[in-house]
Amino acid sequence: MRWLRCLVAALTVAGCGDRGSVTFDLTAPQSPLFNPVAQPELVTEYDIRTASGTVIGIASAVQGSGSSTNGLLPLGALMPAGAPEDVFVTALSGGNLLGEARIKDVAIKAGKKATYEAPLRKPLVFVGSAMPAETASGNHTTAVQILDPLSSMDLAKAPGTPASLPAMTAGATTWDGQNVIVAQDRALTAFDTGTGKLAAGTLTLAVAPTRVVVAPRDQAIVALNPASGSDGSLTIISDVAGFVGSPGSANPKVVSMPGQVARTAAFSPDGSRLYVLTGGMGVDPCEPGVTLPNNNIEVYGLDGSMTGQIALEGFAADVTVDPQSGTIVIADVAGKQVATLDPAAGATTKLLGNLTCPSAVRVVNGTVYAVTSDRDMTMNAFTLQRVPLRSTGGGAAAATLFSGPNYNIPIDSTPSTNGDIGMALLPVRPVSIDAYELAVTPDGNRAEFATRAVYNESGTKFVFSGENCTANFNIVEYGLFAVDLRTGNAAYESRSQLVTKGATNCVDCQLPSPFPDQVVGCQSTSGDKPAGLAATFGQ
């Protein structure tokens, strides 16, 4: 680790001269790629506040701003705190978040001197890869992406990168940002976000988890397991530090979920309760014609005991918890809304309504982000919605359109010999899009989400070049969206297009007698599906 400057605060008590100090020793990774302050001239200030949001101090890092010459950045006077609190140190460049450090149990007491190490890490986004449920010859997983939102680089592919993370089928970042808990099929291990290396050894699980979540303050790791018969299960690891140091030595506890399968889960802010949304990952709630049973939220303690159950009035696709207020927010597909949920009464309160298949939801800095299948047909665009969490009952929402994917059906034609005129293509738009994983950076500036788009036509009539045609097909496309939430710019990466119906007779066009019908098949493009999306310090 590279030692940087120190943030020093003097402590005062009103009416007396009892003084002390608190020092935060900033450290950062040796590799410039993973070092958030590798270019110190870009750092304008360090923001220090408690986990609850109370500002402790702001130290200017600009040369000539009063910073001392001995490596100390003064924070100024602080008032003592009654009890230790968790503290977040954030390195900023203007409005851009460069890095963050999270320190547990900081004590601010008059007359006492204390020093705390503050290991800075970048707000990276990790994207893994898994095999699609739809089969196609040539399907394969791909390399893990380690995305740096500020540089727009994939650090896993950058020249000179120390990163070694060949596979991840599910994953989650630790609360302190120093590790990613990585599932590689049935193997569970840890990736160090400072060195770019995997921990030595792995823990072999009974089954490959569909999701991984980590409790606040790194109190526990929980792997959500697929069904065995009709029963799902949770794998709980209580010693996170021990696991990171030696994954193979962990002693996990497996908790059965009789008659239920976990879809996703989120912790309460204090980490004492795990809200597990049931329903499994085998269903796309946005696919046309799908039957969606009511699902539940089961509440578990860190010891694996189920302490409660919340029966939902329909099917919810996702659940999240605001890390500040503890408010539960669901993507309520059946109710066509994003809503808060009262865990005691099970009642929902609408935040946004009249939505088409809200499929993913997160809360960052008091703002709710939700991906929906709401469409702008003129642009082939779907919608990411934003609304303040505290605007319950109809706050001002902002919609960000992102262009949907498309599938091109090749029509029987011959390109020109000079290559200037290509084969005729029939573009097709998806009828739905399911964001089955969503990650938002801690500053709320960037969203990455994995999608399953469905192209479905059954006996659809249209005219092409004067010919009467009929379309019959079902195609599933997996992809990854990156959306800049400040500008609205979106980028899309198609990962696979898999034909489940219409491989030989996708489109049938009737030609005048005596010519036979022109029948065109749809072809699959094999690949993978994005999985294990995780944002350091984000949601």
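## A walk through strands, disulfides and a pocket

Let us start with a pair of strands: E21 and E22 run antiparallel and are joined by four bridges. Keep in mind as you look that this is a predicted model. One contact to find is Leu274, whose bridge partner in E22 is Tyr300.

Now turn to the other neighbour. E22 also pairs with strand E23 (residues 306-311), again in the antiparallel sense, over five bridges. Tyr300 comes up here too, since its bridge partner in E23 is Met306. Between the two strands of this hairpin there are five residues, and in the hairpin Gly304 takes a positive phi near 90 degrees.

Is E22 enclosed or open to the outside? Five of its five residues are buried, so E22 is largely enclosed by the rest of the structure. To picture this, recall that in a regular strand the side chains alternate between the two faces of the sheet. On one side of E22 you find Asn296, Glu298 and Tyr300, on the other Ile297 and Val299, and all of them are buried. Both faces of the strand are therefore covered.

Next, the disulfides. A disulfide is a covalent bond between the sulfur atoms of two cysteines. How many does the structure hold? There are three disulfides.

Cys286 and Cys357 form one of them, with sulfur atoms 1.9 Å apart. This pair links distant parts of the chain, 71 residues apart. Cys286 sits in the loop between strand E21 (274-278) and strand E22 (296-300), while Cys357 sits in the loop between strand E27 (348-352) and strand E28 (360-364). The torsion about the S-S bond is about -80 degrees, so this disulfide is left-handed. Are its two cysteines buried or exposed? A residue counts as buried under 20% relative accessible area. Cys286 has 9% relative accessibility, so Cys286 is buried, and Cys357 is buried because its relative accessible area is 9%.

Another disulfide joins Cys469 to Cys509, with an S to S distance of 2.0 Å. Cys469 belongs to strand E36 (residues 467-484) and Cys509 to strand E38 (residues 507-510), so to speak two distant parts of the chain, 40 residues apart. The angle about the S-S bond is 110 degrees, and the link is right-handed. Both Cys469 and Cys509 are buried.

The remaining pair is Cys506 and Cys522, joined at an S to S distance of 1.8 Å. Cys506 lies in the loop between strand E37 (490-501) and E38, and Cys522 in the loop between strand E39 (518-520) and strand E40 (529-535), so this disulfide ties together parts that are 16 residues apart in sequence. With -45 degrees about the S-S bond, the link is left-handed. Cys506 counts as buried because its relative accessibility is 0%, and Cys522 counts as buried because its value is 2%. If you number the bonded cysteines in sequence order, the pairing reads 1-2, 3-5, 4-6.

Finally, let us look at empty space. Rolling a probe the size of a water molecule over the atoms shows where such space is left. The second largest pocket holds about 500 Å³. Which residues are closest to its centre? Of the 23 residues that line this pocket, they are Ala130, Met131, Ala133, Met281 and Lys529. Strand E34 (432-440) and E40 are the elements that give two or more residues to the lining. By type, the lining residues divide into eleven nonpolar, three polar and nine charged.

Notes: Residues numbered from 1 in each chain as written. Predicted model: local features only at pLDDT ≥ 70, side-chain atom pairs only at ≥ 80, totals over all residues. Heavy atoms only, no water. Disulfide = S-S within 2.5 Å. Buried < 20%, exposed > 50% of the residue type's maximum accessible area, 1.4 Å probe, protein only. Pairing = 2+ DSSP bridges. 1 Å grid on protein atoms, 1.4 Å probe; cavity = no way out; pocket = protein on both sides within 12 Å on 5 of 7 lines; lining within 4 Å. Points joined across faces, edges and corners; volume = space filled by probe spheres on them. Nonpolar A, V, L, I, M, F, W, Y, C, P; charged D, E, K, R; others polar.
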